[in-house]
Amino acid sequence: MTVSITFNYRPLKVLFLVVICIGIPAYYVYHVFKPPYEFYRTIGEEELKQSKHFAHNERQSKYVRFKQLQGAGFNNQAQEILLFHHLALSTGRIYVYQPLIWRPRGEKATVPLSTFLRGPTERTISDAMFDEVCPPDEVVHVNLVYDYRKQWDHAKEVLSRDDRCVVVDDWIFSWNYLASTGIHAIWPSFQQYLRVHFKWSDKVLEIVERAQNKLGLRSSQDTNSNIGNDYIALHLRRGDFEDHCHILAERGTGFTTWATLPFLEASTFPPALDTSNTTSVIEHCYPSLRRILDAVTFQAKRNPHVRALHVLHDGAWDHPTVYLQYYKLITALTNAKWAEEQGWPNGPILHVTQSADVPLEWGERDWTVCVDVELARRAQVFIGNGYSSLSTQIVALRLGSDAGKVEDITFI
């Protein structure tokens, strides 16, 4: 028998619901998460001031400005900028940094780079200063794209020449190159670069410290503190990723960037990735909840003292099902009977937090991605997605700036 239920709302009630469901969230997003434009203006002015001071004392130095990725996600841009800075340092050049393109607000919305990343803006100059230190008649334009296997060495050779001012016209760190074995040659020096030069902005670190204190998450480096919980960081990459994963499966595409490093093969949760098998690609790119639970179980058994979990996810108003999948995961992971059936020695997860729980103050929305990355970097264990630039960025920082352990990393 079919039961039919009819809702007979009066027009005023419908209007009220619309205001509640749309108006209030819109007001909240606009006013609470409104970007701090005045703060950005101040940061930009400070960048220019510091660039002028630095350039005044570096008149004989060599400079390089790269063709930069425009409008991609934060971590796609950030990983490229770090590689640019590393390449400039490796060839004795001063890096000419450019602002980030903030995609949520359009292709032309820019944010000063030092708002997020401090390392690439130290002892470097901003793009606004380039024409002053490098008049057009002194600029040499070059192309660096080459055979992937020799790309890095070729780029270093070209940029090591005597030309004082160089502009790179082609896009050296293309998606295909970053997914190739060619980047393996970069890792040994890049690992050292991260250890010496990687720095978040003060604002990022301020929010991270506030989040750890309020969410009860203890950094893996904080071995002398009894405050907070050791935790696993899990990157639940969902949102618009499903369609993207099907495209990658059709193309037979493998993991990206540092997830392709040979010594990380053992970090891939079995079965191993088989790029010739579309089912295998989907399994790793858009893993089932069952597979994610199995990966958490694997690390929970290896680290029985860790009973807290912080979930990084991309749930939003246009991707509401991410929250549903998140709650399904947490329902299982915090269930004592389920944990016993899985053989967890010390019981289920006892403390759960998520990206949406990070305590933000007025106008701090733009820093949430950076905060998620840093919270995952500080976790005792990280479980991520080898197809995600966010996950691979976290892994690079754990292995680079922290000299972290491979066994504390799992790619689903």
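Reader: What percentage of the 412 residues in the protein do buried residues make up?

Author: In this predicted model, buried residues account for 51% of the 412 residues. The secondary structure comprises 15 helices and 12 strands.

Reader: Among contacts between residues at least 6 apart in sequence, what percentage join residues at least 24 apart?

Author: The value is 78%. One pair of residues illustrates how positions remote in sequence can be placed in space: L399 and L194 are separated by 205 residues along the chain, and their C-alpha atoms are 9.0 Å apart.

Reader: Where is L399 found, and is L399 buried or exposed?

Author: The general idea is to compare the relative accessible area with a cut-off, and buried means under 20%. L399 belongs to helix α15, which covers residues 389-399. Because its relative accessible area is 4%, L399 is buried. Leaving out neighbours within four places in sequence, its contacts are W187, Q191, R195, F263, L264, G404, K405, V406 and I409.

Reader: How should the packing of two helices be read, and at what angle do α3 and α7 pack?

Author: One considers the angle between the axes, where 65 to 115 degrees counts as roughly perpendicular. Helix α3 (residues 74-90) and helix α7 (residues 187-197) pack at about 100°, with 11 Å between their axes. The two helices are therefore roughly perpendicular to each other.

Reader: Which residues make that contact?

Author: Helix α3 contributes L82, L83, H85, H86 and L89, while α7 contributes S189, F190, Y193, L194 and H197. By class, these residues are 6 nonpolar and 4 polar, with no charged residue.

Reader: How does one recognise a buried face on a helix, and which residues of α10 are buried?

Author: The general idea rests on helical periodicity. An α-helix has 3.6 residues a turn, so residues three or four places apart point the same way. In helix α10 (residues 278-285), the buried residues are S280, V281, H284 and C285. Viewed down the axis of α10, the buried residues fall within an arc of 120°, so they line one face of the helix. The elements covering these buried residues include α9 (241-251) and α11 (289-302).

Reader: Which residue caps the N-terminal end of α10?

Author: The cap is N277, with a side-chain oxygen 2.8 Å from the backbone nitrogen of T279.

Reader: What is the relative accessible area of V281, and which residues does V281 touch?

Author: V281 lies in helix α10. Its relative accessible area is 0%, so V281 is buried. Apart from residues up to four places away in sequence, V281 touches C245, L248, A249, T253, L273, D274, T275, Y286 and Y387. For one of these, C245, the C-alpha separation from V281 is 7.6 Å, with the two positions 36 residues apart along the chain numbering.

Reader: How should a residue in a loop be examined, and where is D230 found?

Author: One may take location, accessibility and side-chain partners in turn. D230 is located in the loop between α8 (202-215) and β8 (232-236). Its relative accessibility is 17%, so D230 counts as buried.

Reader: With which side chains does the side chain of D230 make polar contacts?

Author: A polar contact of 3.0 Å links the side chains of D230 and R218. Another, of 3.2 Å, joins the side chains of D230 and Q380. When residues up to four places away in sequence are not counted, D230 touches R218, H305, V306, R307, A308 and Q380.

Note on methods:
Residues numbered from 1 in each chain as written. Predicted model: local features only at pLDDT ≥ 70, side-chain atom pairs only at ≥ 80, totals over all residues. Heavy atoms only, no water. Axes fitted to C-alpha atoms, helices over the stretch in contact; angles between N-to-C directions. Helix = DSSP H or I, 4+ residues; strand = E, 2+ residues; numbered from the N terminus. Parallel < 35°, antiparallel > 145°, perpendicular 65-115°, else oblique. Contact = heavy atoms within 4.5 Å. Nonpolar A, V, L, I, M, F, W, Y, C, P; charged D, E, K, R; others polar. Buried < 20%, exposed > 50% of the residue type's maximum accessible area, 1.4 Å probe, protein only. Arc of directions from axis to C-beta. Polar contact = N/O pair within 3.5 Å; in protein donor to acceptor, adjacent residues only side chain to side chain.
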